[in-house]
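This briefing is meant to be read with the sequence and the coordinates open side by side. Please look over both before turning to the points below.

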Amino acid sequence: MNPFDFLTQTIRIAIPYLFAASGGVIAERAGIITLSLEGYMLSGAFAATLGVHYTGSPWIGLLTGIFGGLVFGLIQAVASIRYRANQVVVGIAINLLAIGVTRFFLKLAFDSSSNSPRVAGLGGNSAWYGFDNPLLWMGLLVAPALGFILYKTPFGLRVRAVGEHPDAAASLGIKVSLIQYISVALSGMLAALGGVFLALDQHQFTDQMTAGRGFIAVAAVIFGRWDPVRAALACLLFAAAETLQIQLQGNQFIPSQFVEMIPYLLTIIALAGVVGRAVPPAALGKAAE
Amino acid sequence: MSSRFREHLEEALFPPLVALLVALICGDLLIMSYGQSPATVYRLLLEGTWGNAYGFGQVLYKATTLIFTGLSVSLAIRAGLFNVGAESQLAAGGFVAALVGLGLSPSMPGILAIPLCLLAAAIGGSIVGAIPGWLKVKYGAHEVIVTIMLNFVVLALLNYIVAAKIHVPETLHTPEIRAGGIARLDSFIPAFHGSAANLSILIALVTAAAVWVYLFKSKRGFEMRAVGLQPEAAEYGGVSVGGIWMRAMILSGAIAGLGGINYVLGYKQYYEEGFAGGAGFLGIAVALVGRNHPLGVVLAALFFATLSQGGLAIHAFVPKQMVEVLQGVVILAVAMSVPEVRRALRQARKPVAA
């Protein structure tokens with residue numbers, strides 16, 4: 001196995017996770033449980049495909065994809081913040097809704113129940129191993145950027161305050177709901193970019209193409225203890241395990257199902273506190289009064 | 001009718017009614033986006049489900065699994081726990097039931113073989129339920145995340161065992177069980193011919209009744225609900241909260257596991273990869289719409305089964321995926337209206353300040 005191939009493939013596999021996990025980190029740091037990353041990614045992938053299909057421009061597709069994630073992010077925000085619905089239920093509902101909506105409109109727009117026609121993508125010169133795709137670079141930079149925002153800017157300080165001590169934050173004049181709305185909207189748009197990357201990379205939308213990647217991102221958020229950079233490292237670790245499995249295929253070294261389990265098993269172990277305890281933001285899931 | 005009972009009933013009934021209204025409006029828009037008439041499509045949906053014996057049989061079949069998973073989620077919620085793992089508990093229950101059914105002698109009478117397979121299904125599900133319970137009680141690991149993560153682990157493990165050890169070549173399923181099959185309804189009522197409905201529906205209804213008795217008529221159920229409402233107060237009152245949580249997760253897993261019999265013993269007679277097909281997740285919706293009451297769960301399971309079967313009935317006019325959108329809309333609308341309705345009703349009932 002060639003280490004260069006291994007590294008580049010790991011990064012390509014990690015990009016959707018990196019976007020989605022960053023989305024998960026910001027919403028959860030603001031105190032909103034986010035199990036809806038899968039739905040955001042799927043809607044982003046579909047909206048991007050629609051955008052490219054009707055305009056021919058992948059850049060417009062990028063924007064429509066972000067908009068798709070924003071719509072579902074706002075549904076999550078209104079349901080959990082304005083209506084104080086159970087955030088776990090809302091996340092599950094959004095995932096179901098995204099599957100249903102993308103399937104319905106796949107049929108309506110392309111008269112297919114499996115995939116869209118081929119659309120243009122970004123980059124694609126095989127000599128570059130995918131590194132001529134600007135979205136890939138965005139994916140690599142999103143976690144450090146989010147880390148900077150969360151720890152070095154006034155907005156980030158507010159997000160963290162809202163997620164840890166909403167009452168104290170409110171008494172200092174911070175608009176708790178507003179910060180949460182912004183964080184959840186950003187979360188939807190960031191995770192959607194993961195889906196946009198997938199759709200443009202594969203040059204089409206296919207039914208349920210995110211295939212559980214949103215949940216791997218949820219695992220990375222927890223395994224990375226709600227920190228953007230540690231979550232990003234978790235994404236790279238999970239992606240490396242997948243790459244190893246793909247490159248060892250046919251080798252019958254480890255059955256693929258056991259490699260699939262790795263992110264989830266590691267997260268359960270992290271939650272149980274065997275290697276350093278994963279402690280969530282203090283006010284996670286508690287809607288402010 | 002006592003006024004307290006009426007208050008409970010109002011709080012329980014308004015959110016699903018609001019949700020139904022919202023879903024109908026969304027459905028109208030989707031149907032019209034396809035250039036069809038909502039009245040025609042809704043009529044087809046009802047005719048294809050409650051309007052003929054085959055369709056109704058399919059509704060009963062789909063409702064059966066949902067009753068089990070809905071009861072599973074409800075029981076855990078009554079203890080203050082959110083079990084998102086019904087999907088893998090269901091799969092594990094079906095898998096273990098199939099293993100036992102495979103191991104039994106074909107000459108064993110059903111009266112012995114079926115209870116053995118039921119027990120196996122319950123044990124299979126309860127093992128998967130016990131893990132998050134134990135991790136929560138022992139290490140404080142949040143059950144929502146653990147059950148979600150465990151779904152993937154358990155399903156991958158089952159897929160591995162089936163693919164590597166016991167599948168029928170060229171398929172993703174095990175050989176047929178040798179004993180423990182549950183009779184289909186069409187063997188008593190010929191009109192149900194062709195539908196998958198089977199006597200598991202009776203076991204589901206008995207389980208619903210048993211959960212009702214346990215939760216509302218037994219001391220243990222009272223303790224469980226006390227823990228669900230106020231864990232600190234219950235602990236202070238001498239109840240072992242950890243013990244109750246452990247018990248709740250084992251029971252919840254066992255009930256979800258029992259759901260596996262509907263497909264494995266009643267329909268196909270084998271375990272197949274992916275047979276749970278989201279019924280575990282839909283169990284959360286069923287529990288939510290059924291307001292965590294066994295009777296509500298049965299009605300909500302029939303509702304979601306009708307939607308799911310109805311999608312097939314309207315497919316010639318509007319893509320069946322429409323009902324998946326409506327499922328999501330119903331869940332969101334109920335989740336959003338529950339706290340809202342409670343607040344509005346309490347506001348309205350408040351005596352006017354003197």
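The notes that follow go through confidence, the fold of chain A, the shared core, the contact between the chains, one helix of chain B and two unusual backbone angles.

The complex is a predicted model, and the predictor assigns it an ipTM of 0.90 together with a pTM of 0.93. For chain B the mean pLDDT is 92, with 99% of the residues of that chain at 70 or more.

**Fold of chain A**
- Chain A is built from eleven helices and has zero strands, so that, read from the N terminus, its elements run α-α-α-α-α-α-α-α-α-α-α.
- A compact globule of 289 residues would be expected to have a radius of gyration near 19 Å, and chain A, at 19 Å, agrees with that expectation.
- Along the principal axes, the C-alpha atoms of chain A fill a box of roughly 55 × 45 × 30 Å.
- Of the 289 residues in chain A, 55% are buried, and among its contacts with a separation of 6 or more, 76% join residues that are 24 or more positions apart.

**The nonpolar core**
- The largest nonpolar core contains 221 residues, and those with the most contacts inside it are A:Y17, A:A21, A:A220, A:C235 and B:A335, a list that names residues of both chains.
- Helix α8 of chain A, which covers residues 176–202, gives the most to this core, with 14 residues.
- Leaving aside residues up to four places away in sequence, A:A220 touches A:Y17, A:A21, A:A231, A:A234, A:C235 and A:F238.
- As a general background, nonpolar side chains tend to be buried together in soluble globular proteins.

**Contact between the chains**
- Chain B brings 39 residues to the contact, while chain A brings 34 residues.
- On the side of chain B that touches chain A, at least two residues come from each of α1 (3–33), α5 (110–139), α6 (143–166), α12 (279–289) and α14 (321–349) of chain B.
- That side of chain B is made up of 31 nonpolar, six polar and two charged residues.

**Helix α8 of chain B**
- Within helix α8 (residues 219–229) of chain B, the residues B:E223, B:M224, B:V227 and B:G228 are buried.
- Viewed down the axis of α8(B), the buried residues fall within an arc of 140 degrees, and therefore they line one face of the helix.
- This fits the general geometry of an α-helix, which has 3.6 residues a turn, so residues three or four places apart point the same way.
- The exposed residues B:K219 and B:L229 are carried on the face of α8(B) that is turned away from its buried side.
- The cover over the buried residues of α8(B) includes α3 (53–78), α7, α9 (231–236) and α10 (241–258) of chain B.

**Positive phi angles**
- Most residues other than glycine have a negative phi, and the two residues below depart from that pattern.
- A:D111, which is not glycine, has a positive phi near 50 degrees, and this residue lies in the loop between α4 (87–110) and α5 (134–152) of chain A.
- A:D111 counts as exposed because it has 8 C-beta neighbours inside 10 Å, the cut-off for exposure being 12 or fewer.
- B:E170, likewise not a glycine, has a positive phi of about 70 degrees, and B:E170 is found in the loop between α6 and α7 (200–217) of chain B.
- With 5 other C-beta atoms within 10 Å, B:E170 is exposed.

How values were computed. Residues numbered from 1 in each chain as written. Chains lettered and ligands numbered in written order. Predicted model: local features only at pLDDT ≥ 70, side-chain atom pairs only at ≥ 80, totals over all residues. Contact = placed C-beta atoms within 7 Å. Helix = DSSP H or I, 4+ residues; strand = E, 2+ residues; numbered from the N terminus. Nonpolar A, V, L, I, M, F, W, Y, C, P; charged D, E, K, R; others polar. pLDDT = per-residue confidence, 0-100. Rg over C-alpha atoms; globule rule 2.2 N^0.38 Å. Buried ≥ 20, exposed ≤ 12 C-beta atoms within 10 Å, placed from the backbone. Core = buried A, V, L, I, M, F, W, Y, C linked by C-beta atoms within 7 Å. Arc of directions from axis to C-beta.
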